[in-house]
Amino acid sequence: MVASLRDDPQRAKRIVGLIDHHALAEGFSSAGPLTIDVRPWGSMSSIVAHLYVRLSAKMRPAVARLLMCAILSDTLNLQSVTTTDADRFAVALLAKQGGVESPDSVARQMFRHKTRWIVGLGPYQMARGDQKDFSVDGWKFGISVLEVTDTSPVLAIADQLLLELRILKKEKGKGDVKQQLDFAFLFVVDVVQQRSKLLVCGGREYALASAAFPGCGFTVAKEGLKAPGTTVRADQTLCHVGPLVSRKAQFVPAFSHVLAEGFSCHRTRVTDPQYAQGKSGEALDKVLAAGQAKVQYAGPGLKRNMSRANLALYEQSTSENAA
């Protein structure tokens, strides 16, 4: 949900309909009856294309190309497990209407350009651009996804991304610890190989990822990386989850199943009155409270002042290990 609608206290009165391909969120509501079209398809744009056909509405070629590209993006060029026959039919129809000879070529070019664009955003926006929050049995977790044709430029800044994930958990609370996230994950999806790697930013994340993806190996996310905290090792910061690429159909169910089965780890839920964070979390809190990790517009995107935050996160594990 866009911020202008999410933060509007009168948003329930502004919602007049819903077209989507995701499950309804717990907090979704409206002031009156709605026209709702939610289907288990790979893309909302496939539903829109179907409505054009059903209503015999005229579609401009530019609109057809836009909808086609949206479906190709959502379904990873019709390769994701979420892809349905309805999505395949829609792409064929829209390609014809939009004058596109090879949707596959368009998808490949689109993902190559998307990779360059994503890396150019910088770690702050990379961790937040395609990010969604979920809740199971009182545990709150966020999942960010980056879909790229080459994972190496992303992993080259893994240390910064791990830091942004740690800060993201806190910023979600807007000053209230109970509103923070318990876990923050970032999946780097290789759309060419149809495989994913998971960045693990802390001990809680490692505990949950280990249970959610049994048998998947862990390695260091970046050569020379220090441990991002005192409850996780550097060689536990990257999980090779293999041929899983869908947040909706694979990542969320894997975490949700474990959390629903009575998951526990070295930390309680952030909503628990007994919740206490570790040394690195406390150090990050001090940096953020002092305004020493501000985000500013720089060039094509937003950039955070990382120096103090880096010390707070990575030097805690170094000092404890030395002791």
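**A tour of the salt bridges**

Start with Glu171, which is partly exposed at 31% relative accessible area (partly exposed lies between buried, under 20%, and exposed, over 50%, using a 1.4 Å probe and protein chains only). What you have open is a predicted model, where local features need pLDDT of at least 70, side-chain atom pairs count only at pLDDT 80 or more, and totals for chains, interfaces and linings use all residues. Residues are numbered from 1 along each chain as its sequence is written, and side-chain values use heavy atoms, leaving out hydrogens and water.

Now add Arg128 to your selection: its side chain meets that of Glu171 in a salt bridge, 2.8 Å from N to O (a side-chain nitrogen of Lys or Arg within 4 Å of a carboxyl oxygen of Asp or Glu). The two sit 43 residues apart, with Glu171 in helix H9 (158-171) and Arg128 in the loop between helix H7 (123-126) and strand E3 (131-136). Helices (H or I, at least four residues) and strands (E, at least two) are DSSP runs, numbered from the N terminus. Arg128 counts as buried, at 19%.

Stay in helix H9 and pick Lys169, then Glu205 in helix H10 (203-212); this pair ties together parts 36 residues apart in sequence. Their closest N and O atoms are 2.9 Å apart, in another salt bridge. Lys169 is buried at 4%, and Glu205 is buried too, at 0%.

Next, select Arg128, Glu164, Glu171 and Arg304 together: salt bridges with shared partners join them into one network.

Last stop: Asp37 and Arg39, a salt bridge with its closest N and O atoms 2.7 Å apart. Both residues are buried. If you want to keep exploring, the structure holds 16 salt bridges.
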